[in-house]
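Let's take a walk through this structure, from the joint between two domains to the meeting of two chains and then on to some single charged pairs. Keep the viewer open and follow along.

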Amino acid sequence: MRQIGKKSLVLISALMLVLLAACGGNSSQSSGEGDKGGTINAKIGVISYLTGPGAAYGEAITNGFKLAQKEINEKGKVNIELVIEDSAGKQEQALSASQKLMSDDEIVALLGPTLSTEMNVVGPEADLNGIPIMGTSTTAEGIPQIGEYVFRNSIPEALAIPVAMEKAVKKYDVKKVALIYGNDDVFTKSGFDTMKEEVEKMDLEVVTTQTFQKGQSDYNAQLTKIKGLNPDLILASALYNEGAVIMDQARKMGITVPFVGGNGFNSPEVINIAGKAADGLFVATPWFSEKEDPKVQEFIKKYETEYGKKPDQFAAQAYDALYIMAEGLKNAGEADRDALRDALAEIKDLEGILGSFSFDKDGDVEMDPIVLTIKDGKFQIFE
Amino acid sequence: MVLEIKNICKNFGGISALTDVSIRINEGEIYGLIGPNGAGKTTMFNIITNMFPPTTGDITFFNRRITGIKPHNITDLGICRTFQNIRLFSQMTTLENVMVGAHCRSKAGVLSGVFRPKSQRTEEQQIREKAIELLELVGLSEYHDVVSENLAYGQQRRLEIARAIASDPKLLLLDEPAAGMNETETANLFDLIKQVQARGVTVLIIEHDMPLVMKLCDRITVLNFGKKLAEGTPEEIQNNPAVIEAYLGSEEDDEIA
Amino acid sequence: MLLEQLINGITLGSIYAIIALGFTLVFGVLGIINMAHGEIFMFGAFMGIIVTSTLKWPLWAAFLVAIAVTAILGYMLERFALRPLRGKQGVSHLAPLISTIGVSILLENISHHLFGAGNHPFRNSFAEINFQIGSITVYLVQIIIFVISIILMMALSYWLLRTKAGKALRATAENLETASILGVNTKKIIILTVIIASAMGGIAGILVGMAFNSVNPQMGLSMGLKGLAIIILGGMGNVKGAMAGGLILGLSETFVVAYGDSGYRDAIAFIIIIIILLVRPQGIFGQKSAAEGR
Amino acid sequence: MLGEFINPYYLQIGSFILINIILAISIYVTLSSGQLSLGSAGFMGIGAYTSALLTIHFDLPILVGIIAGSLVAGICGIIVGLPSLRLSGVYLAIATLGFGEVMRVFFVNWESVTKGAVGLSGIPHIGRELLNFFRDAGFDPSSIGMRNNQFTYLLVLILLLLINIFIIWFFVRQNKSRVGRAFAAIKMDEKAAEAMGINITYYKVLSFTQGAILAGFAGALFAHVLAYISPADFAYHRAIEILIFAVFGGSEVILGAIFGATFMTIMPEALRFISEYRYMIYGLVLIFMMAFRPQGIIDENIMQWLKKKLPSKRGRSHGSRNQKHM
């Protein structure tokens, strides 16, 4: 027994040592050393959801960053180095990652984290420490209001949903609506809150409000109830994964009314999953892959050759975000946290692949989303 | 009268394990409970300690009715038992086992156990001293720090007795204490039980080792198929034709046990 | 509307029942709650998708592949997570529970890596066949699910009662040691049990994929916990109890949504667990002895 | 200056380790009387929400909030623990798992108070409150060369460390007392313990409640260190994580729980390159530990060996086993 004890102890100490030794390691993404005169060198920390159930989002986002980084560094002027940390979608890990990044004095700004829940924890900390932080996918309410160092370039639900709702209501002469949303997810819950507010503003009748939970695959009970109440329109605050299945089951049941979805509902995957059943979905988004803007088409082409798949909204937002950072650095003229914050706050009408971009006084997005609808299995601009 | 068992019946799903058994045990005696396997001896122990209730009947302990009282309260009143298939706290040391036995004779709660006021330290010291003394009594003084599952079989049996005595019982129930012991060990056991008796403890013993029972007990009850077959002094029992028949008829069982 | 909800409830309940049958079989024979059963079910569903959507094979092949793969998973579960614990000194009865929780986490994350986190559509022309009865649309798949669940229940009951293998299974269930003394090859029986239970999970996986057109790695956990609730409701190790429990849970979930608050739908299963365990630990159909002594 | 040596990242991780140690001890305490509770995440949530709501809405001091959170969790522990006594082993594990899930659904649905899935933000942060306190007292962290976040996290860490030392001391002492022996006796043989006069109901509920209080306490600390909580923080996966702390480190001795929590918190941070496979590793850890070392990495034998190696302050009068020093 003693022998075993001794061996285990040695093993434990060895494990601990390995861990401690590995603690300092960074996964550093640097490309191009170009240290010519006039180039601003800057390190930017990225916190992203790279492992776990939402890893697909984090992957698209970091791909967007990397693509933009390559282009920006090739152009000269600004040379950006990305330091990427995983948050696994958890607040504690996001906070740890942010501390790790913030304590590196060379890092001038943070991008991410992916989820609004994470931003709620990381944002105040970044603000306290005076480092600009920009969310590229955080759409919940109140994020930029956390503090003056907190920005975002993702369109909040409060901006996107009303636009889509207005257009759909006008077109179909909607009087009665049904709501369905995922009540255990911060993203869909906050989308629902916006919908409810807007429904009240527009004076529509709510026939029923239904909820669903993560991991559920049967929505028939909720949909049967909705069907029985005959709404003119269904407002669905769901992520595309669940949303597509909801539409599929609804169409199978014989529900033909249009759906309006939130930001999370906007993905080519909806068509992929639901097929023809996806027809009649309305979403408002800054991102439209069929846009005839050469910049957009070039981005899609490059992204596809680099990563072998079509970029989604998250990749596009991340791509634009790094350009915004680069612009801020250029205007600031130096890689300094406070100077960068002030420069970011000043950004107006910057043309990106999502359109013309400005920050408002809080550091929130000012831009006009386009309303898309799915028709014949394709996203189209809805006029 | 230490214990009075009045008309106890126990049915298990229609099968009768004990039928109308009455026993009276006087203070200070060693009382034997014998009978072939399945006669209901251990069932009787379980009923006395209220591990399960009797179907009908009553038990009084010093004229106090104890049927329906929770097992740990029965120990509190002064009845403690050992088990046929040794049930020590196997990963505790010998000393700790006996100290657990003193549980119901000590009081320290969470806070005094943690903050250790003087009263707790004195109590803990007393428990420890008592445990050491009892280990000496059962001849295990060299094994304080041995984890009890590493003790030899006979030692485990003796440790169980020490643990039971630590609860200061007025009545001690021993369930086949000599099982698996060799002759020397059995002789030691005899001395031990006599010493326990000398401490003023009444003993009720289930045992298959007939020479030991006959030598040890003041009075004996024989159970057979859940019924009382005979009662009396060892001589009376040895000469009772019904008992002899019952035992001859089930000799093999006896051998196995 | 009531009729439609009834159909929804029965469909959902039948699926729950098939999953619970797998749980109950393993518990009945081994006395182990297999927390990984939900994940094995999820793997079955993914196999269905790969076979029909990616490989474009016919549906019957999907069933065969799913049964084969889940059976292999079941074997591996037994071999690596259960067998090492059996007959070992000092292993607490909680060990298999913890070890199968380990398997469930492992499988869930493997499927994240293999299939991605998103939902996968299960597109099959067979799933589209439907009848119109008045304003109600009934899908053939819904009927099939109900029928299969009944057939599985009856087959399992019959098999346990009548056949030789079933008798051996029951002998094993009653007492592992006695069974092996009586000459039952307990090792083989245990492997067989876990494999059959897992294959049933695989079948359930494909049926769910067809009925709801949605398969994702997280579905295993949610279905698994529901299955757990059902076997507690119906009585551990009780085949008919699993069926009845499944239908009860499916119907009550559906009716909570229809006439109550859909937000509490997921809580029902757990409230059932708590109430049943406190009021009637042996389950509605269970015998008392099953719940005692463990 | 001092500031250069203090990296808030390490302080942060240190804080999480210390909170996780409390959680691991909570499951250890319940297990020490032989009960496996998977409801720790639920109790943690109760503590976190109670404390957060009290401090946000009633402006109560954090300390009061945390104490109230632990107490409410403890009361829930008694309410759940009493009826659960009829259950043992696996059944108890499942009932408590169910309890945890019901609590989560409850947090999600009681929107008017908990704000549902959106979660509670703006919870007073222990470190920042302490910082304000020090500032009001006329002390500026920059005077000793520290940045604000370094100072706040250092304070949090020190505070948590003191709390941990107290908790560990408390339970080590309890283990060696009459109560600890009663727990151990019940764990090893419930019937025999009952026959020795131990009130099983009382001690089982006691240990269950202690576990609930600790989990609630850790939850309250968690809320005030992260300053944001949502129902997803207290879901099934949290319960499993806490279970892993105890299973991996060892559930026989308190040091095992401490080691498990420490190791399992550092591992994903240190080995970020394998973090993609973290949950797979968790799964494998559970399987392998059960198969090869069900008592966890650290058990009594290692404790014995450690005691032999490390010189003990008080010597060994009655053998090493009764001198469990931490």
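## Charged pairs, inside chains and between them

Start in chain B, at the joint between its two domains. Across the interface of domain 1 and domain 2 of chain B, the rule finds 2 salt bridges. One to pull up on screen is Arg199(B) with Glu133(B), whose closest N and O atoms sit 3.2 Å apart. Bear in mind as you look that this is a predicted model. Polar contacts across the same joint come to 4 residue pairs, counting those with both residues at pLDDT 80 or more. On the domain 1 side, the elements that give two or more residues to the contact with domain 2 are helix H2 (71-77), strand S7 (171-175) and helix H7 (183-198) of chain B. H7(B) gives the most, with 4 residues. Sort that side of domain 1 by class and you get 9 nonpolar, 4 polar and 5 charged residues.

Now zoom out to see what is being joined. The domain assignment of chain B makes domain 1 out of two stretches, 3-78 and 169-256, while domain 2 covers 91-164. Their centres, taken over C-alpha atoms, are 27 Å apart. In the contact, 18 residues of domain 1 of chain B meet 12 residues of domain 2 of chain B. Together the two domains of chain B bury about 1,200 Å², with 62% of that on carbon and sulfur atoms. Which three residues of domain 1 of chain B supply more of its area buried against domain 2 than any other three? They are Asp76(B), Leu192(B) and Arg199(B), with 36% of it. Arg199(B) is the residue you just met in the salt bridge with Glu133(B).

While you're in chain B, swing over to helix H6 (residues 153-165), where Glu160(B) and Arg163(B) both lie, 3 residues apart, or about one turn of the helix. These two form a salt bridge, with the closest N and O atoms 3.6 Å apart. Both Glu160(B) and Arg163(B) are buried.

Next, move to where chain C meets chain A. Here 34 residues of chain C and 28 residues of chain A take part in the contact. The two chains bury about 2,600 Å² between them, 45% of it on carbon and sulfur atoms. On the chain C side, Asn119(C), Phe212(C) and Arg265(C) supply 21% of the area buried against chain A, more than any other three residues.

What about the polar side of things? Between chain C and chain A there are 14 residue pairs in polar contact, again with both residues at pLDDT 80 or more. Several helices, including H1 (2-30), H8 (186-212) and H11 (265-279) of chain C, are among the elements that give two or more residues to the side of chain C touching chain A, and strand S2 (136-139) is another. By class, that side of chain C has 14 nonpolar, 15 polar and 5 charged residues.

The salt-bridge count between chain C and chain A is 2. Find Arg265(C) again: its side chain meets that of Asp218(A) in a salt bridge, 3.6 Å from N to O. Follow the charges outward and you have a network of salt bridges linking Asp218(A), Lys226(C), Glu253(C), Arg265(C) and Asp266(C).

Finish inside chain A, with two of the 42 salt bridges found over all chains. The side chains of Lys43(A) and Asp104(A) meet in a salt bridge at 3.2 Å, N to O. This pair links distant parts of the chain, with Lys43(A) in strand S2 (residues 40-48) and Asp104(A) in the loop between H3 and S4 of chain A, 61 residues apart. Is Lys43(A) buried or exposed? Lys43(A) counts as buried because its relative accessible area is 16%, under the 20% cut-off. Leaving aside residues up to four places away in sequence, Asp104(A) touches Lys43(A) and Arg337(A).

The other pair is Lys100(A) and Glu85(A), a salt bridge at 3.6 Å, N to O. It too links distant parts of the chain: Lys100(A) belongs to helix H3 and Glu85(A) to strand S3 (residues 78-86) of chain A, 15 residues apart. Lys100(A) has a relative accessibility of 9%, so it counts as buried. Glu85(A) is buried as well, with a relative accessible area of 2%.

Conventions: Residues are numbered from 1 along each chain as its sequence is written. Chains are lettered from A and ligands numbered from 1 in the order in which they are written. This is a predicted model: local features need pLDDT of at least 70, side-chain atom pairs count only at pLDDT 80 or more; totals for chains, interfaces and linings use all residues. Side-chain values use heavy atoms; hydrogens and water are left out. Domain bounds come from an automatic or database domain assignment. Contact means heavy atoms within 4.5 Å. Buried area is the accessible area (1.4 Å probe) that two parts lose on being put together, summed over both. A salt bridge is a side-chain nitrogen of Lys or Arg within 4 Å of a carboxyl oxygen of Asp or Glu. A polar contact is a pair of N or O atoms within 3.5 Å; within protein, one must be able to donate a hydrogen and the other to accept it, and residues adjacent in sequence count only if both atoms are side-chain atoms. Ala, Val, Leu, Ile, Met, Phe, Trp, Tyr, Cys and Pro count as nonpolar, Asp, Glu, Lys and Arg as charged, and the others, Gly among them, as polar. Buried means under 20% relative accessible area, exposed over 50%, partly exposed in between (1.4 Å probe, protein chains only).
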